[in-house]
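Please walk me through this structure step by step, as someone who has not met it before. I would like to follow how its parts fit together, in connected paragraphs.

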Amino acid sequence: MPTKEKFYLTTPIYYTNGLPHIGHTYTTVVADVVRRFKRMRGYEVVMTTGTDEHGVNVERAAKKAGIPESEFVARMATEWRSLWYELGLNADEFVRTTDLKHVRTVQWLFKLCRENGYVYKDHYTGQYCIYDNAFVTDAKPGDNCPDCGRPTETVTEENYFFKLSAFQKPLLDFYRKNPTFIQPETRKNEIVSFVEGGLKDLSITRTTIRWGIPVPGEEPHVFYVWFDALTAYLSAVGGPEYERRGMWPADLHLVGKDIIRFHTVYWPAFLMAAMLPVPKQVWAHGWFLMDASKMSKSKGNVVLPRPIANMLGMDALRYFLLREVVFGQDGNFSYDALVTRYNSDLANGLGNLASRTAAMIEKNFAGRIPKPAARARQDDALAKETQSAIGEVLERYENMEFARALETIWGLIGAADKYLTSEQPWALSDSEVDTQRKAAILSTTAELLRIVTVLAHPVLPESTAKVWSLLGQPGSVSDVELDGLRWGQLAAEVQLGKAQALFPRVDKTEAIERIEAMANEEQSPQAAPAVAHAAAAATGSTGAAAAPAVSERIGIEDFAKVEMRVGQIKTAERIVGADKLLKLTVDIGTEIRQICAGIAQYYEPQALIGRKVAVVTNLAPRKLRGVESNGMIIAASVGPEGRPVLAGFHEDVEVGARLK
Ligand code: ME8
């Protein structure tokens, strides 16, 4: 038997300074879709993901959490790994940059680069924050530290440098000889002109960071971020013994556009310097945006995957992420669009076609898929349309055109709906002729549904497995070979499986409220692990998550980060479906803000109008029960039930005055 062709793909190795949001989920979902697709095309596939665990941010976060770095990253890696598992996105290899096998690989790669003459020692001069113990990238003399706001100092330290400048020509030659290495094409042009503009040597070690992989025999040098992180792709599949595993070079690195330069310039250069094989392709997708700005932990505008998966199922989220945005471009995330697509494409589309086909077979043929004696022209036309869609869908998947692949598949679902509407099997009698006709119609529909199920499987693994067993087809849908898929392979005269709920229709408002309520709960300080909050705090994330424990003392500079002002309530109203919340508009001097406050059970809206309150004005906005809240009203929490009592002023104060 010929051995299978291999396919090795990776997601980025994510930072441990927070938990996965929709952005990380997007890359990982795409990797999983490609993995499933390639397996169905007969490849032996390995998919790697992991956690990027070194550096100053981790040092700080661990300090904040009061635990050693190693314990901090171990807990975070467990969080990431178990969430991927819960979402059905567990990779074949999960690499942590603190793994011994990774440490060895980084040290080995460095040794090769050094032996080949591409590493030298020199001095690095940059702006350094002595309070945070970190160089501030891109800062000039006189700039303040963006984290703590204190002045930076110009510091020179000894570093190892990588001779990136020597790779300008080799890289440009490589891009020319491998025109599909950088995808999409627009990104390739960007990178080519960046490299044409000249490459500076790169500092790849630090002596001011403790939490990193040591450079053997050169302590206190530790490897600096990218030399360490990128090498994880190689350590996941054997490191120095990569030839034994047979997976390297990677066939596909999937990344967001934010890190394309590291993957298409630094990474191939490191590998060329070590004389190791270079990956075949780097695909940089766009960003998921929230209100037109990039979702990120530090802005506090992240969408979490778990509440969506709990409410609508993971397949719905996978479908939305791939269908909504052209792969490669930026796209906006909205719960509204998510639930709309769920109801229209999944509940009314695939779900409805499967359940009505099964119900008609049940009713007319005692649940056995009929075998027709003859076919009509319109049956053959649908067969032909489906057959020609197969090749088209495979090509689109292969080209990473997921939205178009799904569009073609859903085109078939639409065609089947139309076919049923015009053939009206429900209007036919039980005469022999009519029964024959019903057999032809229902077996045609069932065959189309089988093909749709196979084609949609990489994107909708759970629900297509259900449809497969509903159709009583043998084996498992994931074992179907895509290249052998043809019209006419439906196993007929088999008994249908048990009907299972596929995509129950949901009420949009209610679904969104429930997703948001779950998301708020997950983001609340009580719910998420303390280490995640310490991580968010250390990296500048706003919100309650960053609040220190009650007993912990903070410095004046921490207090100064909270901006509080006198506000005056202009309007107040109840929120339908949220009995604890009031929606307020509050004048804070410079603008009118909409703020939700959990005081509805204790304050009458009308009685609040005109009242002066203390408002936290620099909290990141968030949605409460679907309503945006941009700020927080300060209240005392009184008694065991935590009754809110609004903070106020005995003397007249100017609206907008700052509280200090
Ligand atoms: O950069 N939209 O880790 P990271 C789409 N550790 N994708 C998004 C996204 C968004 N809003 N936000 C994040 C690192 N991503 C390094 C990588 S690799 C050797 C080292 C995805 O945790 C996207 O894939 O910041 C992006 O490139 C990645 O998460 C960044 O993850």
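Leaving aside its neighbours within four places in sequence, Trp 410 is in contact with Tyr 319, Asp 345, Leu 346, Leu 350, Ala 456 and Leu 460 in this predicted model. Trp 410 also belongs to the largest nonpolar core, a set of 117 residues in which Trp 410 and Phe 333 touch the most other members. Helix 13, which spans residues 335-365, gives this core its largest share, namely 13 residues. Apart from this core lies another one, of 60 residues, and Phe 162, Ala 232, Met 272 and Ala 273 are among them. In soluble globular proteins, nonpolar side chains tend to be buried together.

From the cores we can turn to the ligand. Which residues around the ligand come nearest? Of the 25 residues in the shell, these are Ile 13, Thr 27, Asp 52, Asp 258 and Phe 288. Two of the polar contacts involve the protein backbone: a polar backbone atom of Ile 13 is 2.8 Å from a nitrogen atom of the ligand, and a backbone N or O atom of Gly 23 lies 3.3 Å from a nitrogen atom of the ligand. Thr 27, by contrast, uses its side chain, a polar atom of which lies 2.7 Å from an oxygen atom of the ligand. On its own the ligand has 670 Å² of accessible area, and the protein covers 96% of that.

The shell around the ligand draws at least two residues from each of strand 1 (6-15), helix 1 (22-40), helix 7 (225-230) and strand 11 (252-256), and strand 1 supplies the largest share, four residues. Sorted by character, the residues of the shell divide into 13 nonpolar, eight polar and four charged.

Two further residues can be followed through the elements already met. His 24 is found in helix 1, and its C-alpha is 8.9 Å from that of Thr 11, although the two are 13 residues apart in sequence. Is His 24 buried or exposed? His 24 counts as buried, because its relative accessible area is 11%, below the 20% that marks the limit for buried residues.

Thr 231 lies in the loop between helix 7 and helix 8 (232-235), and with a relative accessible area of 0% Thr 231 is likewise buried. The side chain of Thr 231 reaches the backbone oxygen of Phe 227 at 2.6 Å. Beyond its neighbours within four places in sequence, Thr 231 is in contact with His 102, Thr 105, Val 106, Leu 109 and Trp 267.

Key
Residues numbered from 1 in each chain as written. Predicted model: local features only at pLDDT ≥ 70, side-chain atom pairs only at ≥ 80, totals over all residues. Heavy atoms only, no water. Core = buried A, V, L, I, M, F, W, Y, C linked by side-chain atoms within 4.5 Å. Buried < 20%, exposed > 50% of the residue type's maximum accessible area, 1.4 Å probe, protein only. Contact = heavy atoms within 4.5 Å. Near = heavy atom within 4 Å. Polar contact = N/O pair within 3.5 Å; in protein donor to acceptor, adjacent residues only side chain to side chain. Areas by Shrake-Rupley, 256 points an atom, 1.4 Å probe, with all protein chains shown as cover. Nonpolar A, V, L, I, M, F, W, Y, C, P; charged D, E, K, R; others polar.
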